[in-house]
Every structure is written in structure tokens, then in C-alpha cells.
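Here are some exercises to work through with the structure open beside you. Try each task before you read its solution.

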Amino acid sequence: MSRDAILPSAPSQPAPSSAPNKSRRRFLGGSAAALGGLVVGFHIPLIGEAAAETADVPEVNAWVVVKPDDTVVIRIARSEMGQGTLTGLAQLVAEELECNWAKVTTEYPTPGQSLARNRVWGNFSTGGSRGIRDSQDYVRKGGAIARTMLVQAAADEWKVPAGECTAAKSVITHKASGRSTTYGKVALAASRLTPPATVTLKDPKDWKLVGKRLARLDTVNKTTGAQIYGMDLKLPGMLNAAIKDCPVFGGKLKSFDASSIEKRPGVKKVVQVGDSGVAVIADTWWRAKSALDAMTIEWDNGPNAQVSSASIAEIIKAGLDAPEAAVGNQNGDARAAIAAAPRKLEAVYSYPYQNHATMEVMNATAKWTPGRCEVWTPTQNGEAALAAAAEAADLPPSKCEVYKLHLGGGFGRRGAVHDWVRQAVLIARQMPGTPVKLIWSREEDMTHGRYHPITQCKLSAGMDADGNVTGFHMRLSGQSILASISPQSIKDGKDPVVFQGLNPPGPEASFGYSFPNLLIDYAMRNHHVPAGFWRGVNLNHNTIYFECFIDELAHEAKQDPLAFRRKFLANSPKHLAVLNAVAERAGWDKPAPKGVFRGLAQTMGFGSYVAACAEVSVSKDGELTVHRIVAATDSGYAVNPQQIEAQVEGSFAYGLSAALYGECTIKDGRVEQQNFDTYPAMKMEKMPTVETIVMPSGGFWGGVGEPTIAVAAPAVLNAIFAATGKRIRELPLKNHSLKA
Amino acid sequence: MATLNVNGKSREYEAEQDTPLLWVLREQLGLTGTKYGCGVAQCGACTVHIDGVATRSCVMPASALTAKQKIVTIEGLSPNGSHPVQKAWAAMDVPQCGFCQSGMIMAAAALLKDKPKPSDADINDAMTNICRCGTYNRVRAAIKVVAHGGDTKLAHLAITHTDGSVK
């Protein structure tokens, strides 16, 4: 495939013809450089003067602060980890606020402040592609309320009815008297008004900022090295720590010989961390890590020291035929229909453990005194980080605080479980009053993840003589994330997350295929290797399972895979629409270039409908090239289409990386892969062109960070089958030969 | 005390013989734009220029460098983010989380200096940095934009910036 074009496709939406015309004065953290590399967030006590961007200006409401110079500071409770939520949420607030976009900046409120204000900023959790869709309503209302108050303040000053005033680009105008003022001039008066009880949000057709291809608000510092990530934080008097936790999950620390390293330069202290870890505290991290590597440590590997990938696979395999299983979706009698069908097909698929491998390893800086604990960390959920800090600090949450820093990737690793925060606080408790920055080595990060859960799936179907599916049974067996993270949400062995994308029709997800007899059930089989949320997580393997098996059925029925899918998606018009869109753009009805083969996949998850068509070739030597991906997303509304395109492209890098290489294996109870040499990630050379179709149909809010990951692997696997006749049912692909 | 030439300045530091340049930059000289990603020269997040050559600083002992060798980090690539690669990156919203982007930019700048009109194969060979967010296609497009004189419109991204420009 030629890459002659700079980018393979024209944008899916035209650019707006007009736009704000002034430079933004500041970016989030943009004044970090001016303060000697310290992050400007929101009340960072250690930093002292000018620490809080808005400390000296009263807020209009929780979401909006307007400074006298008309700079609008929009507060963002969700975390920015590359997915663009910070900019998208600012667009939503600014849309209703009617402010000058060129003077918008953002800041993170802290979870401690939110706690003290009865959670005025709502949920801080940034996962499940929920950053925008779960807060769009209240953040837009926040913007509308602030606008109403600003306009009212101007009207009060002029002694005219507020209804006679209009607001646009931070300017309030009373046309009848020819007067006008700016938000900055009336912000103080507005802050003293009682907020209106109700506001009416704009009709989407009237949006001016939402839906536009706006530049991100946080790009420039990422091109100059000025962006401060958790790992980059510097505080006065700060020390650095490196840690090793027992390599076998569930094992314990037996002993360590601190005397052998205590005299090394820079080493301050060697400390036990909980019952399973040991850390070296030194002046620099490199010295801490080098000393830790030189220290003799003995582990009590515990009851899991003999567990291997093979022994785990056996346990999961047994679940495929277990009589007891939780039902996630059912109609008719699938087992009876399959038994009675003239044509039957059965296949078993499996999916491995995978690490998130965020580019920035886990890290947190903690400062502890008997009366207060503060933590600076990149987190997808500031409130969960606060809870973890409080527990480890043995202090009430009201005496703790978490300052969120930019994330060098999240992908689910930095959301639900804050094991690294707990460790940082436990270390800091042994150095009262001194801030200590804990950074994991990449090896620690690879071997102490919260891995993509491991599952197997047996699919069975019956078809009639015309190739119509009469019965469809999908049995999942494997790990439950919620069983370890939130056991109280498990009822009768049913973890609802397990059924992502397989659900009866609903706003979050829907298994779009209509079969007269359907059974999707799950046998929970957990192990000692901890599972966690992962970009796309269960939707990823579930979509591989059913979209590859649907492809198998189409070939068994000797029908075109697109036509076959269309038959059973007739009752799911939005599923069908994205599938048709990719087929049309890819030219499904026309021959592919010589030697190139196509595969399809579709699914619904995280509130959005997605489909992909992959074009691949496989050389005689078995080398796979993914040339081109065409991907469609219907997320209902599309807040920033150019960022959606970036997310979709990125999701194929993440999804194909997982499909090609992603596998953590277990030997002697521990993860074998230590670094990117044994856990490779996809690089530039393997990245296909991605043509993104953003097709918002309106009326609902879907996520965009994750859904298209799920169609990456099955579209490619189905194309590989078209190219080679080989049906790959176990990932990753690196374990298979595609040689003819 | 030993001396390095970093971003055009002579800088003194004190570290053990085996300390990688990366950690001298980050922990002694306060230059945290260069990132730690793997420590084994696999991911490229630590890429700096040494005498113009893109080099992975995580496996380069600082003690192996003389005070005459010119080290350039992301902070020194241009005084104010004005290097053509940085400008293209900013105009095209290349970064997502951004953590790998210092290394990406340094690798791209070195490539374009050696080969002002790189082919796709040249780009694949030079840009072996890992980006987990998956910015590869915009990275490639931005390199081509720079190679074609910096006109970001060639990439058809049509991004509206806060100064009103559409790039």
C-alpha cells in the first residue's frame, strides 16, 4: 500500500469557517516552566506563591472561574491521559458559557476539595470511555449556570431585565441601550449571585464549539519537554525510592540484607513496604535503583509458586463445559436448536494476559506526617487515589490530599487499583515530613500489572440448509475483574463486565445479531494473577470471539461475510449502518488489490457503534502486513472529530499491538516478560493507514477511546483467514506461523 | 565533578561511572523532558542528540562522554518550540499523552537533518520509538509535512487553533 498521500483520507467533517482569533494565554500547567518546573494545579501548598491559578479570584461556580483579564478557567474533574477529554470537556462547558475560546484554560480540582464540597465535581473516574459521556450533562449545565449568573450580574448593574441581554465570546451586550461589558468585569458580582435552579441547554444544532475540529489545549508543552508528568515532579527536599515487590503474586518478603548497600553513595534508608515489598530510598532514583538491584533479597513465594500458564489454561478450559454458568443474554433454547440443526459448527478461542505497558511507569510522590498525607500522582481516578492514600496513611480522607499530574498513558492501569500509591505512602511513612518519589522500574511495571483478564470461549452454532443460524451458544470461561476489585458487585457468579458487547439491547452495549435461539453464559474461573481494566478490556476478546466465529459461520454457509452479517443485523440499524459505511468506503463489493485480502468486524460497546474493514497481505514466508484499516464510529454526538480520529487511530495501534504481540506468560507463579524486548509493542513500521469515518447519528452520547480497539483484531484475523485459509483462534499472532 | 556540554552550555555533574546520561540529565541537570521508558534502549523515550546523532540516553553512561561532545535535549532543540518539527507537531496535534513525544521529536529532527526528504522506509528505519497511545500516523504525516516545507494543510487535518488559524 502506498503512503504517497500525507494522510490517507480527507477528514470526515469539514473544518469550521470561522474560529476564535486570539492566542490562548496559558495552557494547563503552562506556567510550570515559569515556576521552575513545578506544576501549577490547584492549591499546591508546598509550592507557595502563585501556586493556585485561581486562588485569588472567586469562582462563578464550581466549573468556571473568570479572571479580570477575561481568562476563563474551566475546571476538569476527569483525568487527561492523552485521550483528549480535557479539551472535550472544556468545549462542552465553553459552549454553554458562551465564552471566548481563545482565552480558555483549564485546571484540575483536587479530590480532597471535592470531598470537602460534597463532591461538587461529581465523579473523578476516567475509564470506560466515560470521561465525556458521563459528565456532559452536568458540565454543560455548569457552563449554562455560570453564563446565566454573569449575564444577570451585568443586567443588575445596568438595571435592565437579564432577558434583554445577550452573551457571546465573553461579551455581554444590552442592545437597546447599546451597552456592553465583559465576563471578567462582572465575574466578582456574578460570584455573589444565587445560581439559577434550572437552565435550558442548547439544541445540538446550535452548537458552535462542540462538534468542531478544535486543537487540543494541552499540546504545546508536549512538544518542548515542558509538560510535567508524575515522574518529573520535583519538590523541595524530595528523596527518591525504587521498589521490588515479591515477583510471585501473593508471596511475601522473607528477608533483605540492607547492610550490603547502606554505604553506597546517596542511599538514605532501606525499608520494608507492607508484607511483600522492599524499597531503597536515596537522593536520586538511579542510585536507589542501583542499590536495590545490588541487594540480596529473599522471598517467600507462597502458595502460587508452582502456577504456570498451562496450569491456568487447564482450569479455564474446564469452565467451557461446566454445568454451572451465569447467563448474560438469552432467548429461545439455543442448546436444543443447535442439537436439532442439520449443520453444526463449534470452535474454541482464547485470549492471553496482557500488560497495559503505559509509557510512563507507575509512580507517586508522597509526603506523610502524623497529621496529614499528600500524594502527587498520575491517576485516572483522583478519588480512588485519595482513598488508597488515606488507607495507607492511616488517616481520614479529610486529612489527606491527592494532586493529579498528567498521565503518561493510563489504559485502565491507573484507575481502579492504586497499588503504587499505597506503596508510596507506606514508604513515606518511614520518612515523616520528607516527600519521597517512588518510581517503578519498567521490569517492576511489567511484572506487577493488573493484567487484561485471561479467558477462553467455546462457540457453537446450528444452521439450517439455507445457512440461517438457528441456534447460537457462546460459553465464556475465565477471569473476572470485578471479583478482585469489587466483589460486592458479583451476584450469583455473574460479573456484568464479562458480558461487554454481548448484552441485550441497551445504551451501553448491545449484541446486535438477532438469532432465534441464543445463549451467552459465563463460568467464572479466577487465578492468583491479578486482572484489571484495560483499554477496551472484555469487549476486545468478546468481539474477537463472536466476530471471528460469525466469519467462520459465513464461510461454512458459503456466504459473503458482509451479506451474512447483514441478515442477522436487520433489527440493529445502527450496527448495520457502521458496518455498511466501512464496507462502502473500503470497496467491499470491488476486488481488493492483488494479493490483498479483506476482513470485517463490528460491535457495540461503551455506548458507541463501531465497525472496521482490514486489508492485509501475507507473504509466502508468512509475513503479515496490515495495509489499511477503514473504521467507522457512531458515538451519537462527536464533540471533537479530529480527536476522535486520533483516538480511533490510536485504538488500532493498541489493538493490533495486542493482537500481534501482546502476551504475558506465567512460569513459577510469576510473569515472565520483563521489558519491551520480551513484551514488544507495535512500532511505526507495522502501523497501517487508518481511514476514520466519524458518523454521529445524534440523540445519544457514546465513548470513543475504546470501542474501535475491539474490532481491530477480529477484522485482521478474518482478513488473514481470507488470505491464508488459516483460522487463528489463540492470540497473539506471534505464536503462529502464517507460512503457506 | 565531571562536565558535559548540554544544550550549548557547559554543565557540571557528579555521578557514578555507570550512571546513564538519561539520569544525569533528569536528576542532576533538571532536564526532565527526556523520559525514562524502559532503560534498555527499546522504546526511545530517552532519545537525545549527541553530536547530531539520535542516541538512546538510557544506556549511554554519562562518563563515556567528553565535555566536547554536544548533547542536545528536547529543551534545547529550539529556544521556544520553534523547530520545524515542533511546529508541525503542535499544529497537527500529534501528541496524545505525550510521554514518548520528546523522543519522537528528537528522532524525527535527526532524521530530517540527515534526509530532508525521507521515504516511508527511511521513516520506518529511523522512527523505532514506541508510542502506546498510537500516534504513529500523525508522526509520519508530520515528518512529511516538515519535509514538504511545513505546510500542514497537506495533511488534511483541518484543525482549528485558538488563534483562529486552520492547519
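Two strands pair if DSSP finds at least two bridges between them. Helices (H or I, at least four residues) and strands (E, at least two) are DSSP runs, numbered from the N terminus. This is a predicted model, in which local features need pLDDT of at least 70, side-chain atom pairs count only at pLDDT 80 or more, and totals for chains, interfaces and linings use all residues. Residues are numbered from 1 along each chain as its sequence is written, while chains are lettered from A and ligands numbered from 1 in the order in which they are written.

**Exercise 1. A sheet of four strands**

Task: work out the strand order of the open sheet that contains β21, β22, β23 and β26 of chain A, and name its edge strands.

Solution:

Step 1. The order is β21-β22-β23-β26 (chain A), and the pairing is mixed. The edges are β21 (597–605) and β26 of chain A, each of which pairs on one side only. From one strand to the next, the twist averages 15°; here axes are lines fitted to C-alpha atoms, for helices over the stretch in contact, and angles run from 0 to 180 degrees between N-to-C directions.

Step 2. Now go pair by pair. β21(A) and β22(A) are antiparallel, with 9 bridges, and A601(A) is found opposite A612(A) in β22(A). Strand β22 (residues 608–618) of chain A is also antiparallel to β23(A), through 10 bridges. Along that pairing, S617(A) stands opposite T625(A) of β23(A).

Step 3. Look at the turn. β22(A) and β23(A) make a hairpin with 5 residues between them, and G622(A) in the turn has a positive phi of about 90°.

Step 4. Finish with the parallel pair: 6 bridges link β23(A) to strand β26 (residues 689–694) of chain A. I629(A) has V690(A) in β26(A) as its bridge partner.

**Exercise 2. The helix on that sheet**

Task: where does α16(A) pack, and how much of it is buried?

Solution:

Step 1. α16(A) packs on the sheet, where it touches β23 and β26 of chain A, and its direction makes about 135° with that of β26(A).

Step 2. Apply the burial rule: a residue is buried if 20 or more other C-beta atoms lie within 10 Å of its own, exposed if 12 or fewer, and partly exposed in between, with C-beta atoms placed from the backbone. In α16(A), 20 of the 20 residues are buried, so the helix is largely enclosed by the rest of the structure. Strand β23 (residues 624–634) of chain A is mostly covered too, with 8 of its 11 residues buried.

Step 3. Check the length. The expected span is 1.5 Å times one less than the number of residues. For the 20 residues of α16(A) that gives 28 Å, and the end C-alpha atoms are 28 Å apart, which agrees.

**Exercise 3. A sheet of five strands**

Task: find the edge strands of the open sheet of 5 strands in chain A.

Solution:

Step 1. The order is β12-β20-β19-β18-β13 (chain A), again with mixed pairing. Its edge strands are β12 (326–331) and β13 (343–351) of chain A, and the twist averages 10° from one strand to the next.

Step 2. β13(A) runs antiparallel to strand β18 (residues 455–463) of chain A, with 9 bridges; Y351(A) is partnered by T455(A) of β18(A).

Step 3. Add the helix: α13 (residues 537–556) of chain A lies across β13, β18 and β19 (469–478) of chain A, at about 150° to β13(A).

**Exercise 4. Where the chains touch**

Task: which element gives the most residues to the side of chain A that touches chain B?

Solution:

Step 1. Two residues are in contact if their C-beta atoms, placed from the backbone, lie within 7 Å. By this rule, 66 residues of chain A are in contact with 62 residues of chain B.

Step 2. The elements of chain A giving two or more residues are α5 (221–224), α6 (285–294), α16 (641–660) and β26. α16(A) gives the most, with 8 residues.

Step 3. Turn to chain B. Helix α1 (residues 21–28) of chain B has 7 of its 8 residues buried, including W23(B) and R26(B). The buried residues of α1(B) pack against α6 of chain A together with β2 (9–13) of chain B. Just after α1(B), G30(B) has a positive phi of about 70°.
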